[in-house]
Amino acid sequence: MLFFLETVISGLMAGVMYSLVALGFVLIFKASGIFNFAQGVFALFAGLALYDFIAEDGWFYDLFGFALPIWLGIIATMGVMIIVAWLVERLVLRHLVNQEPIILFMSTIGLAYFMEGLGDTLFGSDVKPLDIGLPSGAWDYLLDTHNLYIEKLEIVAAGVAAVLVIVLAIFFQKTRIGRALRAVADDHQAALSVGISLRTIWVIVWSVSGFVALVAGIMWGSKSGIQFSLSLIALKALPVLILGGFTSVPGAIIGGLIIGVGEKVAEVYAGPFVGGAIENWFAYMLALAFLLVRPQGLFGEKIIERV
Amino acid sequence: MKLKLLTKALAVAAVAMPLTTAVADAYELVIPATVYRTGPYAPNGIPFANGYGDYYKMLNERDGGIEGVKIKYIECETAYNTKQGVECYENTKGTPPSGGLVYQPLSTGITYQLIPKATEDKIPVFSMGYGRTSAANGKVFPYIFNLPATYWDQASVFIKYIGEKEGGMDKLKGKKIALVYHNSAYGKEPIRTLEELSKKHGFELMLLAVDHPGQEQKATWLQIRRERPDWTMMWGWGVMNQVAIKEAASIRYPMDKFIGVWWSGSENDVLPAGDDANGYLSGAFHAAGDNFRAHDDIKKFVYDKGNGGGDRDRIGEVLYNRGMVAAMWTSEAIRTAMRMHNTKEPTSEQVRDGFEALDVDAKRLAVLGLEGFTYPVKITCENHTGPGKVALQQWDAKAKKWSFVSDFYTADREVVDALIKEDSENYAKENNITPRTCN
């Protein structure tokens, strides 16, 4: 029983990590109707930039002879992500207003490849061990006293995700910009006609998404080091989005938790009977099953179209 | 004025033309390299490619190439993708003047695809310590070489080491040994041998697959925590290694009972785990560090001239040295071929002969500036692997250094050779190959 509990808790914690990536997708989709395929690469790029600001073998140190303190590094990285958002709007999105969603989606695939190459060129392909003081390893107290294994980093990730959801919910529901973001998501033309600047809104939402990517990059980077494979965590977020809905912030969290628990329980209990390594495809199977009964996801908006 | 300039330019061009033609006409030994400097496995692919390329550059600068003939080293990016690897092979095999003389795919997946193609094209494939283990049988695989040891050799050496640590091979009975493996052709390669060894010594084998790329392994390590195997082996690559070592530390699995394949034993794999990785073990067939004369020559002839493939301070890392030793054996095989056939323009088929007569003994290693770097290797027509010896190295997190903690063990030949025979004969039967005779 204790092992089952451990599996479920580990699944929940892993789910939170997936949710952190899924949140970035939701933000952009919610505000601009674009499925940003490059979100995983954004997390990688943000992680790489942060490392190079704060590490003694980063280019910032080479250039100025000192590394930035962690808090300043995070701010500087956020600055980089805002510049990236501005460039994306200026060079890509501006030219694609009112295009079909598939065109916008394709442009983000191109963006992903470009950012991967740029990240490689600017920061190199080495594994960069990220240490910003987050705790690692098992929670000793629980392990020693109750023989229960939970990772400290994942508890921190859960806390961070909770704060992010609250902040984002307030931002979308209670602020002027948040309302403008939702208006743009509903209808580009209508939003423009009431005086909302599409360009500004897109820069803002891509910047916020860049911030979420930075948080995801920090969490995943602390786990495995910053390296190219971080960009592939986007694939982990996909079933979460299908399950939770592309437009719901709480959906990204709940979806993440369901996927996390589902895949861990499946891997541990069913995996040994079918040769193991089933958690990746199990997540997609779970999402597929949900699609059949609820195409808009658990919390997504039901789209009703006149025929 | 313009006319004058034009006349001068034409004159210079006329004088330079024969010179450039002469340079272009100089025979070169084409060695294509299917590398991966991009993609999720780039952190491992880059140091290997640097060591591999730097050694050839050093030979060109120091000795004027091999036997006085320059090496034309060309890289083709595969991103560790089998399809791209095959495309690279097809695109580079005809590169003039010599055509691709030998391939080092650095991927078991690509190697498997190249086995029939390269055999048909009569181009040797040197899958050093990876690829299809039964390619050791030169009678069935005339163009594939996997020296100096195979995954099956390594798996059996790990079991020998474990037996020794447990107080004798008879003490393995009833023990539980886990294999955490990359869910790919590469990761599955040792399973067959381990199953045989499990029958022979009576230990319980626990198999745990990890899907590409291996960023998330919580479920795997929860199972290890529950089952608590006495020893755990890992056949990983890339991010899978780093995450596994961190997860093992997290569940407090003893690092000195955790052994990685030689592709899971580089600085990249242990550094992200920090002090937690202290004591982690891995297989090895060459030394780490840059305190050999060959390294000094690379620094002097390549890096001092600004031609190095990577950072100077990363010379001597495990994967850099692995690329370097691969280039050393390759260039020695080409040299052997040139001497055997008394030619400065060897063909790929002759290079195959060079591999089959390869004999890099301790004396030759000393001449090459690699005394004690690895063990002597002698290849024959029948045996394309050679000695099949493996040592264990251990990571010292404080000193950030790998050191050997064992001698080079010989593999369990009784089990491994029987499996090689069986597997290669099955391959021959499936592909209508009549094994050649070796006299």
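Q: Which side chains does Glu422(B) or Arg192(B) meet, and in what kind of interaction?
A: For a salt bridge, look for a Lys or Arg nitrogen within 4 Å of an Asp or Glu carboxyl oxygen. In this predicted model, the side chains of Glu422(B) and Arg192(B) pair up that way, with 2.8 Å from N to O.

Q: How many salt bridges does the rule find between domain 1 of chain B and domain 2 of chain B?
A: Just one salt bridge turns up across that interface. Polar contacts cast a wider net, taking N or O pairs within 3.5 Å. Between these two domains, 13 residue pairs are in polar contact, with both residues at pLDDT 80 or more.

Q: Which elements supply the domain 1 side of that contact?
A: Elements giving two or more residues are α2 (42–63), α4 (108–121), α12 (318–340) and α15 (413–430) of chain B. The largest share, four residues, comes from α2(B). Sorted by class, the domain 1 side has 17 nonpolar, six polar and six charged residues.

Q: Where do the two domains run along chain B?
A: A domain can be stitched together from separate stretches, and that's what the assignment gives here: domain 1 covers 28–150 + 288–389 + 418–430, while domain 2 covers 154–283 + 391–408. Their centres, taken over C-alpha atoms, are 27 Å apart. Domain 1 puts 29 residues into the contact and domain 2 puts in 23.

Q: What area is buried between those domains, and which domain 1 residues lose the most?
A: Buried area is what two parts lose on being put together, summed over both. For domain 1 and domain 2 of chain B, that's about 2300 Å², with carbon and sulfur atoms giving 58%. On the domain 1 side, Tyr41(B), Asn44(B) and Leu419(B) lose the most, together 26% of what that side buries.

Q: What area is buried between chain B and chain A, and how many residues does each chain bring?
A: The same kind of reading works for two chains: about 3100 Å² is buried, and carbon and sulfur atoms give 53% of that area. Chain B brings 34 residues to the contact and chain A brings 43.

Q: How many salt bridges and polar contacts cross between the chains?
A: The rule finds nine salt bridges there. One of them joins Glu151(A) to Lys218(B), with the closest N and O atoms 2.3 Å apart. Polar contacts come to 16 residue pairs, both residues at pLDDT 80 or more. On the chain B side, α2, β6 (204–210), α8 (218–227) and α9 (239–250) each give two or more residues. By class, that side has 15 nonpolar, nine polar and ten charged residues.

Note on methods: Residues are numbered from 1 along each chain as its sequence is written. Chains are lettered from A and ligands numbered from 1 in the order in which they are written. This is a predicted model: local features need pLDDT of at least 70, side-chain atom pairs count only at pLDDT 80 or more; totals for chains, interfaces and linings use all residues. Side-chain values use heavy atoms; hydrogens and water are left out. Domain bounds come from an automatic or database domain assignment. Contact means heavy atoms within 4.5 Å. Buried area is the accessible area (1.4 Å probe) that two parts lose on being put together, summed over both. A polar contact is a pair of N or O atoms within 3.5 Å; within protein, one must be able to donate a hydrogen and the other to accept it, and residues adjacent in sequence count only if both atoms are side-chain atoms. Ala, Val, Leu, Ile, Met, Phe, Trp, Tyr, Cys and Pro count as nonpolar, Asp, Glu, Lys and Arg as charged, and the others, Gly among them, as polar.
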